[in-house]
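The following dialogue shows how a learner might read salt bridges and a helix in a structure. Please look at the structure first and then follow the turns.

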Amino acid sequence: SKREIKMRKLDNTKVRPLKSEQLLRIEDHDFALRPGFGGSPIPVGIDVQVESIDSISEVDMDFTMTLYLRHYWKDERLSFRSNKNKSMTFDGRLIKKIWVPDVFFVHSKRSFIHDTTVENVMLRVYPDGNVLFSLRITVSAMCFMDFSRFPLDTQNCSLELESYAYNEDDLMLYWKHGNKSLSTDEHISLSQFFIEEFSASSGLAFYSSTGWYNRLFINFALRRHIFFFVLQSYFPAMLMVMLSWVSFWIDRRAVPARVSLGITTVLTMSTIMTGVSASMPQVSYIKAVDVYLWISFLFVFLSVIEYAAVNYLTTIEERKQLKKRGKASGMYTIDAVQAMAFDGCFHDTDVDMDLAAFSDRCEENETRACAASVPNVDTARTKRKRSLKGNVGRIILQNNHVIDTYSRIIFPSVYIVFNFFYWGLYI
């Protein structure tokens, strides 16, 4: 009926909405060309909000950062009439139909625009033609690191932005709000680094075939946490060096004890050095941690060499004494305390000889007399053990070589001086 037809015309929900392309008159212009083509370069302002620094890799010499990248420019071809002077906001579908700056990240390895739940792209157009173009991007870029002071180092990295196609004659990149164009999240933190500063700067880059380009820099300084490496590398190395000094207090005739201790500390130091090198890039220069570990390894190695010298000089002294005594055959006896220090066992040879002689006499004498003499033998053995226990410490000290005596003082003193010099130089 006529009444129903009239009601349909009055129903605004049935009216087809005006397309944004028609409002912006996109089809009337060639957006393959930049705004103001043929005239002065178009200024494009940039500001960045750093959301997070996801990782720092020493092996790959790169860092991964997530940020909001915003572009500001004016394109009069996108101006439109608006009674309330309000802007219009669009998603990523309009980006493919208009001109946008071709900013890229210099020295980047990997980068992507987040697309969950939809592509994280926003375009806001104002009535006078001003445009805001925002992206949420994660980028991995190179950071040229210097590990000569590792792990007591501070690394300076930068993320560089530049136009790919338009040189300074066509496009001028600049920080939109000066030094305030770079903002960061207050909760940014890294497991191995302190973030000392963030700063923004600008410069020019020259390419021989295409000319000069404006380049923007996001600079940040990272200072490494030292406590992790103290626990994992420095402290174990210190303990191994101190443990190697224990051999200076062990009797010089205890060959198995001193050799085993020296070899164990050498192998442990080698393991620590291998573990540190495996987590670092294979650089051609010496790092600070290499200096410390190699000097510590040298101290441990010298403690083994020290005992080799002590053992050799001890052998020469004993041969000279045997020659003086007229025992050139090399057959000589070692008292019980020295033998115990050599192999860790107590040798009561005199008592064993007395018991053998006593048993022979028992075969000739009466059984009752032998039984009466056994308590006297036990008493003699007990007295001998007590006398040995009281003299073990004194005899072992007398058997120490003069090299061991000096090593107890020289090794710790030199190592303490080295630590003061090392930490004073690198901190």
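**Reading salt bridges and a helix**

Q: Which side chain meets arginine 70 in a salt bridge?

A: In this predicted model, the partner of arginine 70 is aspartate 47, with a distance of 3.3 Å from N to O. The pair links distant parts of the chain, since arginine 70 belongs to strand 2 (residues 62-74) and aspartate 47 to strand 1 (residues 42-57), 23 residues apart. As a general idea, side chains of opposite charge can pair when their charged atoms come close.

Q: How is one to decide whether aspartate 47 is buried or exposed?

A: The relative accessible area is compared with a cut-off: a residue under 20% is buried. Aspartate 47 has a value of 7% and is therefore buried. Arginine 70 has 21%, so this residue is partly exposed.

Q: Which residue forms a salt bridge with aspartate 62?

A: Arginine 110 does, at 3.8 Å from N to O. Aspartate 62 is part of strand 2 and arginine 110 of strand 5 (residues 108-113), so the salt bridge ties together parts that lie 48 residues apart in sequence. With a relative accessible area of 5%, aspartate 62 is buried.

Q: Where in the chain are the partners glutamate 306 and arginine 258?

A: Glutamate 306 is in helix 5 and arginine 258 in helix 4, 48 residues apart, and the pair links these distant parts of the chain. Their side chains meet in a salt bridge of 3.2 Å, N to O. Glutamate 306 counts as buried at 6% relative accessibility, and arginine 258 is buried as well, at 3%.

Q: How many salt bridges are there, and which residues are linked in a network?

A: The count comes to 17 salt bridges. Glu58, Asp153 and Arg224 are linked in a network of them.

Q: How can the length of helix 3 be checked against what its 18 residues should span?

A: The check rests on a rise of 1.5 Å a residue, which means that helix 3 (residues 227-244) should span 26 Å. The end C-alpha atoms of helix 3 are 25 Å apart, in agreement with that value.

Q: Where does helix 3 bend?

A: Helix 3 bends by about 35° at tyrosine 234, and proline 236 follows within four residues.

Q: Which residues of helix 3 are buried, and what covers them?

A: The buried residues are Phe229, Ser233, Tyr234, Ala237, Met240, Val241 and Ser244. Their cover includes strand 12 (211-224), helix 4 (255-278), helix 5 (288-324) and helix 9 (402-426). Tyrosine 234 thus appears twice in this reading, at the bend and among the buried residues.

Definitions and conventions. Residues are numbered from 1 along each chain as its sequence is written. This is a predicted model: local features need pLDDT of at least 70, side-chain atom pairs count only at pLDDT 80 or more; totals for chains, interfaces and linings use all residues. Side-chain values use heavy atoms; hydrogens and water are left out. Helices (H or I, at least four residues) and strands (E, at least two) are DSSP runs, numbered from the N terminus. The expected span of a helix is 1.5 Å times one less than its number of residues. The bend at a residue is the angle between axes fitted to the seven residues ending there and the seven starting there. Buried means under 20% relative accessible area, exposed over 50%, partly exposed in between (1.4 Å probe, protein chains only). Contact means heavy atoms within 4.5 Å. A salt bridge is a side-chain nitrogen of Lys or Arg within 4 Å of a carboxyl oxygen of Asp or Glu.
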